[in-house]
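Q: Please give me a close look at the side chains of this model. Keep the sentences short, and explain each term as it comes up.

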Amino acid sequence: MNKDELNASLNYFIENRDSIGITLYTVIKNEEKPRKLDIESTALPDLKKCFWTP
């Protein structure tokens with residue numbers, strides 16, 4: 001895959017940025033399974049900014 005093919009593959013995420021959500025999991029010491037974090041909807045926009053670099 002070259003750069004142009006990669007850009008084409010990722011284009012969906014670029015064009016639909018506002019409709020994409022995030023899910024965070026954490027691994028707690030001495031536990032075998034990761035836990036899905038319960039994040040308040042008001043915090044999601046700021047969290048998305050952490051993962052999105054325009």
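A: Phenylalanine 13 is partly exposed, with a relative accessible area of 41%. The cut-offs are simple: buried means under 20% relative accessible area, exposed means over 50%, and partly exposed lies in between (1.4 Å probe, protein chains only). This is a predicted model, so local features need pLDDT of at least 70 and side-chain atom pairs count only at pLDDT 80 or more, while totals for chains, interfaces and linings use all residues. Residues are numbered from 1 along each chain as its sequence is written, and side-chain values use heavy atoms, with hydrogens and water left out.

Phenylalanine 13 sits in helix α1, residues 3-15. Helices (H or I, at least four residues) and strands (E, at least two) are DSSP runs, numbered from the N terminus. The structure holds 1 aromatic pair. Its partners are tyrosine 12 and phenylalanine 13, set edge-to-face, with 5.5 Å centre to centre and 85 degrees between the planes. (Rings of Phe, Tyr and Trp, the last by its six-membered ring, pair if their centres lie within 6.5 Å; planes under 30 degrees apart are stacked, over 60 edge-to-face, the rest tilted.) Tyrosine 12 is partly exposed too, at 48% relative accessibility.

Both rings also belong to a nonpolar surface patch: Met1, Leu6, Leu10, Tyr12, Phe13 and Ile14 together have about 650 Å² of accessible area. (Patch residues have over 30% relative accessible area and no salt bridge; like charges are joined within 9 Å, nonpolar side chains, meaning Val, Leu, Ile, Met, Phe, Trp and Tyr, within 5 Å. The areas come from the Shrake-Rupley method with a 1.4 Å probe, and for residues only the protein chains shown count as cover.)

Now the charged side chains. The structure holds 2 salt bridges. (Each is a side-chain nitrogen of Lys or Arg within 4 Å of a carboxyl oxygen of Asp or Glu.) One joins glutamate 31 and arginine 35, at 2.9 Å from N to O. Glutamate 31 is partly exposed at 32%, and arginine 35 is partly exposed at 45%. The other joins aspartate 46 and lysine 49, whose closest N and O atoms are 3.7 Å apart. Both lie in helix α2 (residues 44-51), 3 residues apart, about one turn of the helix. Lysine 49 is exposed, at 58%.

Arginine 35 deserves a second look. This residue is found in strand β2, residues 35-36. Arginine 35 and tyrosine 25 are 10 residues apart in sequence, yet their C-alpha atoms are 5.3 Å apart in space. Leaving out residues up to four places away in sequence, arginine 35 touches Leu24, Tyr25, Thr26 and Ile28. (Contact means heavy atoms within 4.5 Å.)

Threonine 26 gives the view from strand β1, residues 25-26. Threonine 26 is partly exposed, at 27%. Beyond four places in sequence, threonine 26 is in contact with Pro34, Arg35 and Leu37. Threonine 26 and lysine 36 are 10 residues apart in sequence and 6.5 Å apart in space, C-alpha to C-alpha.

Last comes the loop between β1 and β2, where asparagine 30 is found. Asparagine 30 is exposed, at 75%. Its phi is near 70 degrees, a positive value in a residue other than glycine. Most residues other than glycine have a negative phi.
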